[in-house]
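Here's a quick briefing on the spaces in this protein, filled and empty. Have the model open while you read, and pick out the residues as they come up.

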Amino acid sequence: MIGAPNAGKSTLLNRLIGAKIAIVTPKVQTTRARAIGILIHGPAQLVFVDTPGIFEPSRRLERAMVSAAWRGAETADIVLLLVDAARPADADTARIMEGLRNARHEAVLALNKIDLVKRPELLPLADRLRKEGIFSRVFMISGATGDGVSELVDYLAERIPEGPWLYPEDQLSDVSERLLAAEVTREQLFLQLQQELPYALTVETESWKELEDGSVRIDQIIYVLRESQKPILLGKGGRRIRSVGSAARKELERMLERRVHLFLFVKVRPDWIDRVAHYRAMGLEYKA
Ligand SMILES: Nc1nc2c(ncn2[C@@H]2O[C@H](COP(=O)(O)OP(=O)(O)O)[C@@H](O)[C@H]2O)c(=O)[nH]1
Ligand SMILES: [Mg+2]
């Protein structure tokens, strides 16, 4: 699954799998790593690869994200391009379509967020994109409501090449619980902080302890780039970080179906954005 930032890839992935494996926010570039979601449909095992958005990158982290997205597309049997039907004409989507023109893979278009667009506007748009001659099929879907998603899945299950299943029957994703837990906190930081700060931080799960009473203790470190970002993140009297921690804990308790004790620590690390180990942990290439 590729597409411009905010096209709705992570939302669709969660809908397909029926569980939260990717975080979603209204801000662009929330997804940094590649994540897969695995869906069994009749005799088929569909492996969906969620990717960071494709856009014009400038910084190292951005280059790594875009490169991970294209790599996701190269290793797939079918490329599913998601286009936000309410914002179909953005430059990122145009650039992706040019990239797909030369691709060797079958490309399928999912015109997404159709819940936001009136039908009379939708059909000419679908027609116009069909005429680009890049896509074997065009689907109209809403990852948010689930509209049209089953038709898309039926088609993909028909089309994928025959072969052995790649993952065990009960596996839903390749995202580890530790990474997912860090992502849940990062999601709250994206939702609760203003402007550029979410892009200046990252979250790592430091330790994960199963306690005797069945609950789990999770310690995480939030790395920021500069000392001046710390007080903003903490908020007056620590109010902001407490609110982030409490929302993330509730979400984790829902996902893990048990009590969670979440401890957040904030550290300044001017180089987190350039550390090789960080890229490896996120499944990104350092030298993209
Ligand atoms: N109305 C509507 N909003 C959607 C839909 N899919 C995603 N969104 C919203 O679009 C924003 C970006 O979604 P996300 O899945 O993070 O996009 P990504 O960057 O492509 O992974 C979020 O605010 C979502 O709630 C949809 O089908 N309909
Ligand atoms: Mg995403």
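Helix α1 (residues 9-17) supplies the largest share of the shell around ligand 1, with three residues. Keep in mind that this is a predicted model. Below, the ligand's surroundings come first, then the enclosed cavities, then the largest pocket.

**Around ligand 1**

- There are 17 residues around ligand 1, and the ones that come nearest are Asn-6, Gly-8, Lys-9, Thr-11 and Asp-115.
- Sorted by class, that shell has nine polar residues, five nonpolar ones and three charged ones.
- Gly-8 makes its approach through the backbone: one of its backbone N or O atoms sits 2.8 Å from an oxygen atom of ligand 1.
- Thr-11 uses its side chain instead, with a polar atom there 2.6 Å from a ligand 1 oxygen.
- Ser-142 also points a side-chain N or O atom at ligand 1, at 3.1 Å from one of the ligand's oxygen atoms.
- How much of ligand 1 does the protein bury? On its own the ligand exposes 580 Å², and the protein buries 84% of that.

**The largest cavity**

- Looking for enclosed space, you'll find three cavities of 30 Å³ or more in the structure.
- The largest cavity holds about 120 Å³ of space.
- Its lining runs to 13 residues, and Ile-21, Ala-22, Ala-33, Ala-35 and Glu-183 are the ones nearest the centre of the largest cavity.
- Which helix gives the largest share of that lining? It's helix α6 (residues 177-192), which puts in three residues.
- Both domains have a hand in the largest cavity: domain 1 (2-159) and domain 2 (177-281) each contribute at least three residues to the lining.
- As for chemistry, the lining of the largest cavity counts eight nonpolar residues, three charged and two polar.

**The second largest cavity**

- Next in line is a cavity with a volume of about 50 Å³, the second largest.
- The residues lining the second largest cavity are Gln-29, Arg-32, Arg-59, Leu-61, Glu-62, Met-65 and Tyr-199.
- By class, the lining of the second largest cavity splits into three nonpolar, three charged and one polar residue.

**The largest pocket**

- The largest pocket comes in at about 780 Å³.
- It takes 31 residues to line the largest pocket, and Gln-45, Leu-46, Val-47, Asp-77 and Ile-160 lie nearest its centre.
- Which element gives the most to this lining? Strand β3 does, with six residues in the lining of the largest pocket.
- At least two lining residues apiece come from β3 (44-50), α2 (60-74), β4 (78-84) and α5 (149-159).
- The class count for the largest pocket's lining is 22 nonpolar residues, five polar and four charged.

Terms used
Residues are numbered from 1 along each chain as its sequence is written. Chains are lettered from A and ligands numbered from 1 in the order in which they are written. This is a predicted model: local features need pLDDT of at least 70, side-chain atom pairs count only at pLDDT 80 or more; totals for chains, interfaces and linings use all residues. Side-chain values use heavy atoms; hydrogens and water are left out. A residue is near a molecule or strand if one of its heavy atoms lies within 4 Å of it. A polar contact is a pair of N or O atoms within 3.5 Å; within protein, one must be able to donate a hydrogen and the other to accept it, and residues adjacent in sequence count only if both atoms are side-chain atoms. Accessible areas come from the Shrake-Rupley method with a 1.4 Å probe; for residues, only the protein chains shown count as cover. Helices (H or I, at least four residues) and strands (E, at least two) are DSSP runs, numbered from the N terminus. Ala, Val, Leu, Ile, Met, Phe, Trp, Tyr, Cys and Pro count as nonpolar, Asp, Glu, Lys and Arg as charged, and the others, Gly among them, as polar. On a 1 Å grid over the protein atoms alone, a cavity is a set of points where a 1.4 Å probe fits but cannot get out, and a pocket is an open set with protein on both sides within 12 Å along at least five of seven lines; lining residues have an atom within 4 Å of a point. Grid points are joined across faces, edges and corners, and a volume is the space filled by probe spheres set on the points. Domain bounds come from an automatic or database domain assignment.
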